Amino acid sequence: MDVLFDYPNYWVDALVGTLVLFFAGGGIALVLGTIIGAMRVSPVPIARGVGTVYVNVIRNTPLTLIFFFFAFGAPLLVDFRVDFLTLGIWALGIYTATYVAETLRSGINTVPVGQAEAARAIGLPFTKVMSLVVLPQAARSVIPPMMSVLIALLKNTTVAAGFSVFNLGSIRATMSEKGENQMVTLLWVMFIFVVMVLLLAWLQRVLENRWRVAR
Amino acid sequence: MTSVLYDVPGPKAIARNRIIGVLTVVVVAALLGLLIWRLAESGQFSAYKWQAFGYSRIWEQFGIATLRTLAAFALSALGALALGFILAIGRMSNHAWVRWPFIAIVEVLRAVPVLIMMMLIYYGLPVVGVKLDSYWAVVIALVAYNGSVLAEVLRAGIESLPRGQAEAGYAVGLRKAGVMRLVLLPQAIRAMLPVIIAQLVVTLKDTALGFIITYPELLYFAKQLGSNAVLGSPLIPSALVAGAIYISMCLLLSLAAVKAEKRLRSSPRVHKAPGAGAPLLEGTETELIVTQKRG
């Protein structure tokens, strides 16, 4: 218990660090992932190609290596100083964007072609086909896997600990400097993650039940 | 070609698509150009920065580091598959006192970040007197995490099979173990092979986390080489080389997954993967009769 309650400031800072990485990285991932996902299903072959290359390259690169590029490589390339938190957020966002893009793409693919064809047959223009027929159906089948992507992102924030961003993953080193029990520290970190992930999983189940595909 | 999103383009759409195509090329070229300009400007392409790669010793060490990555991956993959089977079967047990502990174990292992698990083994266990090598910390953490994920994959595969399969197995006189081993598992593994291989790609990528707990694998060596001042601290060049090695290894495995998926789709022997069209009638005939009798 002492590890937790003797240093409340460190734990709050660590939790805030993790949450900042999660929300900011998630925001970048959702925006970038939507763009890439749209490119991957677009009628323009070049855009499709660019999307495919992006997804295949980034998805087959370890997140640790992407962090490596951002934390150690990027500062060599620019003249101004960038703090590690910003770099970590971008690394997480760019990595997670590929999973967001793939989730969106497979969500759109679950909508039967007949749905869009029927919509076009009754004379709806492209924007209405998308907003009234395709996207509402795709969104329902996208939400559960998207929550899984976000859960993975939450767990991946710990990787930032290896790259000078203070979060729940790095509190072990701090406690070790203070001579505290590392085992107990890490068990607490584990406990916090289990609670946060269960919370997200619960949210996932609620959304899943509310927006179950009625087909 | 027609897709859900768009019809076969007419003359207007073809012209518009061309403009979008040109715009894409311009934006991507601008981004890549910016990156390459910054790389060149900061001297990352100079021979001085790449001199390390003229020595065969350096390549030898890259090879050794890659082998260390593969050594961690191979054992983790085998272990994860084995643990996955055990956890999946335990989780589907008919006895609640077996099932619930397994459910708890799988859920906890899935919820904890792999890096935290590695730290727990590498930094945490020495507190209670168990000192393990960083290699074992990497392997055990990867086995625990990926094993629990694979358990869920296998369970989903088995549960996606028509219930008639198991019932037919029992009808011809097989016991629980026989039904599982001879009827359900072979079909589930076949249907889930792409997902299983994709999870192995994740395992391979996650070996790079060993870098953070000082397991001397590929990325660790890239960092070491990158901070070698005698060779001009070629940080970006060595990261690029390490990245190329990682990407080619993972792409090879991913390719296997794509191949497996294609073979699956064309194979008539496989029950269609989950999500490929919901069945019209959920239960089997037997269950229908049972529910009718009850009602």
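Of the 295 residues of chain B, 45% count as buried. This is a predicted model, so please hear every value as computed from predicted coordinates. Chain B exposes about 15,900 Å², and carbon and sulfur atoms supply 69% of that area.

On to the secondary structure of chain B. There are 11 helices and zero strands. Read along the sequence, the pattern is simply α-α-α-α-α-α-α-α-α-α-α. As for contacts within chain B, take those between residues at least 6 apart in sequence: 75% of them join residues at least 24 apart.

Next, the salt bridges. How many does a search of the whole structure find? Over all chains, the search gives seven. I will go through some of those in chain B.

I start with R91(B) and E152(B), which form a salt bridge with their closest N and O atoms 2.4 Å apart. This pair links distant parts of the chain. R91(B) sits in helix α3, residues 56–91, while E152(B) sits in helix α6, residues 134–159, and 61 residues separate the two. Are these two side chains in buried or exposed residues? R91(B) has a relative accessibility of 11%, so it counts as buried. E152(B) is buried as well, because its relative accessible area is 13%, and the cut-off for buried is under 20%.

The second pair is R110(B) with E107(B), where the closest N and O atoms are 3.4 Å apart. Both residues lie in helix α4 of chain B, residues 96–111, and they are three residues apart, about one turn of the helix. Here the burial class is another one: R110(B) is partly exposed at 29% relative accessible area, and E107(B) is partly exposed at 25%.

The third pair is E159(B) and R155(B), whose side chains meet in a salt bridge at 3.6 Å, N to O. They are four residues apart in helix α6 of chain B, so about one helical turn separates them. E159(B) counts as exposed because its relative accessibility is 52%, and the cut-off for exposed is over 50%.

These pairs belong together. R91(B), E107(B), R110(B), E152(B), R155(B) and E159(B) are linked in a network of salt bridges.

Now the interface between the two chains. In terms of contacts, 54 residues of chain A touch 51 residues of chain B. The area buried between chain A and chain B is about 4,600 Å², with carbon and sulfur atoms giving 76% of it. In chain A, the residues that lose the most area to chain B are N60(A), F68(A) and L77(A), together 15% of what that side buries.

What about charge pairing across this interface? How many salt bridges does the rule find between chain A and chain B? The result is zero. Polar contacts are present, though: seven residue pairs between chain A and chain B, both residues at pLDDT 80 or more.

Which elements of chain A give two or more residues to the side that touches chain B? They are α3 (45–59), α4 (63–77), α5 (84–109), α6 (113–121), α7 (126–156) and α9 (182–210) of chain A. Of these, α9(A) gives the most, with nine residues. By class, the side of chain A that touches chain B has 37 nonpolar, 10 polar and seven charged residues.

To close, two points to keep: in chain B, a network of salt bridges that includes R91(B) and E152(B); across the interface of chain A and chain B, zero salt bridges by the rule.

Methods. Residues numbered from 1 in each chain as written. Chains lettered and ligands numbered in written order. Predicted model: local features only at pLDDT ≥ 70, side-chain atom pairs only at ≥ 80, totals over all residues. Heavy atoms only, no water. Salt bridge = Lys/Arg side-chain N within 4 Å of Asp/Glu carboxyl O. Buried < 20%, exposed > 50% of the residue type's maximum accessible area, 1.4 Å probe, protein only. Contact = heavy atoms within 4.5 Å. Areas by Shrake-Rupley, 256 points an atom, 1.4 Å probe, with all protein chains shown as cover. Buried area = accessible area lost by both parts, 1.4 Å probe. Polar contact = N/O pair within 3.5 Å; in protein donor to acceptor, adjacent residues only side chain to side chain. Nonpolar A, V, L, I, M, F, W, Y, C, P; charged D, E, K, R; others polar.
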